[in-house]
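This report describes a single protein chain from its helices to its side-chain contacts. Please consult the sequence and the structure shown below while reading.

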Amino acid sequence: MAPHTPATPSPDDNTNTTSTGADAGAGASGRLTDFTIDLTSQEVLRRAQVIQALGPHWNPMEVLHDEETAHDLLYSGLDPQQQTLYNHLLAAGILPTRGNRHAAP
């Protein structure tokens with residue numbers, strides 16, 4: 001495999017090969033440019049799009065209730081060795097403790 005040899009930058013690349021420290025990122029003009037992104041408006045837009053994609057029939061309380069039911073089924077019917085391991089994982093904080101089941105309607 002041949003070694004990579006970077007191409008020589010052209011004057012149109014807007015690179016400053018002598019920039020160090022304070023003038024790094026200043027570009028060809030030598031002045032810094034203010035670059036600002038309003039993440040708040042983008043986050044509001046993203047959340048609105050997520051809610052729209054979920055549709056009008058999405059019920060968060062029903063989803064949480066179904067997740068609790070699935071959790072109950074997953075950890076039901078454990079044999080004594082599995083129950084001991086489950087208890088150790090709970091005590092170590094690896095598995096989340098069961099809440100007070102506020103999600104149920």
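A residue is called buried under 20% relative accessible area, exposed over 50%, and partly exposed in between, computed with a 1.4 Å probe and protein chains only. The model is predicted, so that local features need pLDDT of at least 70 and side-chain atom pairs count only at pLDDT 80 or more, whereas totals for chains, interfaces and linings use all residues. Residues are numbered from 1 along each chain as its sequence is written, and side-chain values use heavy atoms, with hydrogens and water left out.

**Overall architecture**

The chain contains three helices and zero strands, and its pattern along the sequence reads α-α-α. Helices (H or I, at least four residues) and strands (E, at least two) are DSSP runs numbered from the N terminus. Of the 105 residues of the chain, 6% count as buried.

The expected span of a helix is 1.5 Å times one less than its number of residues. The table sets this value beside the distance between the end C-alpha atoms.

| Helix | Residues in helix | Expected span | End C-alpha distance |
|---|---|---|---|
| Helix 1 | 16 residues | 22 Å | 22 Å |
| Helix 2 | 15 residues | 21 Å | 21 Å |
| Helix 3 | 13 residues | 18 Å | 18 Å |

**Helix ends**

Helix 1 covers residues 39–54 and is followed by Gly-55, whose phi is positive, near 85°. Helix 3 is likewise followed by a glycine, Gly-93, with a positive phi near 80°.

Side-chain contacts are found at the start of two helices. At the start of helix 2, a side-chain oxygen of Asn-59 comes to within 3.1 Å of the backbone nitrogen of Met-61. The N-terminal end of helix 3 is capped by Asp-79, which places a side-chain oxygen 3.1 Å from the backbone nitrogen of Gln-81. Such a polar contact is a pair of N or O atoms within 3.5 Å; within protein, one must be able to donate a hydrogen and the other to accept it, and residues adjacent in sequence count only if both atoms are side-chain atoms.

**Salt bridges in helix 1**

Side chains of opposite charge can pair when their charged atoms come close. A salt bridge is defined as a side-chain nitrogen of Lys or Arg within 4 Å of a carboxyl oxygen of Asp or Glu. A search of the whole structure finds two of them. In one, the side chains of Arg-46 and Glu-43 meet at 2.7 Å, N to O. In the other, the closest N and O atoms of Arg-47 and Glu-43 are 2.9 Å apart. Glu-43, Arg-46 and Arg-47 are thereby linked in a network of salt bridges.

Arg-46 and Glu-43 both lie in helix 1, three residues apart, while Arg-47 and Glu-43 are four residues apart in helix 1. Each separation is about one turn of the helix. An α-helix has 3.6 residues a turn, so residues three or four places apart point the same way. Glu-43 is partly exposed, at 28% relative accessible area, and Arg-46 is partly exposed at 42%, whereas Arg-47 is exposed at 53%.

**Nonpolar surface patch**

Which residues form a nonpolar patch on the surface? Val-50, Ile-51, Leu-54, Trp-58 and Val-63 do, with about 410 Å² of accessible area together. Patches are made of residues with over 30% relative accessible area and no salt bridge; like charges are joined within 9 Å, and nonpolar side chains (Val, Leu, Ile, Met, Phe, Trp, Tyr) within 5 Å. The areas come from the Shrake-Rupley method with a 1.4 Å probe, and for residues only the protein chains shown count as cover. Helix 1 gives the most to the patch, with three residues. Leu-54, which lies in helix 1, is partly exposed, with a relative accessible area of 38%.

**Aromatic pair**

A search of the whole structure finds one aromatic pair. Tyr-75 and Tyr-86 form this tilted pair, with 4.7 Å centre to centre and 40° between the planes. The pair links distant parts of the chain, 11 residues apart: Tyr-75 is in the loop between helix 2 (60–74) and helix 3 (80–92), and Tyr-86 is in helix 3. Rings of Phe, Tyr and Trp (its six-membered ring) pair if their centres lie within 6.5 Å; planes under 30 degrees apart count as stacked, over 60 as edge-to-face and the rest as tilted. Tyr-86 is buried, with a relative accessible area of 11%, whereas Tyr-75 is partly exposed at 26%.
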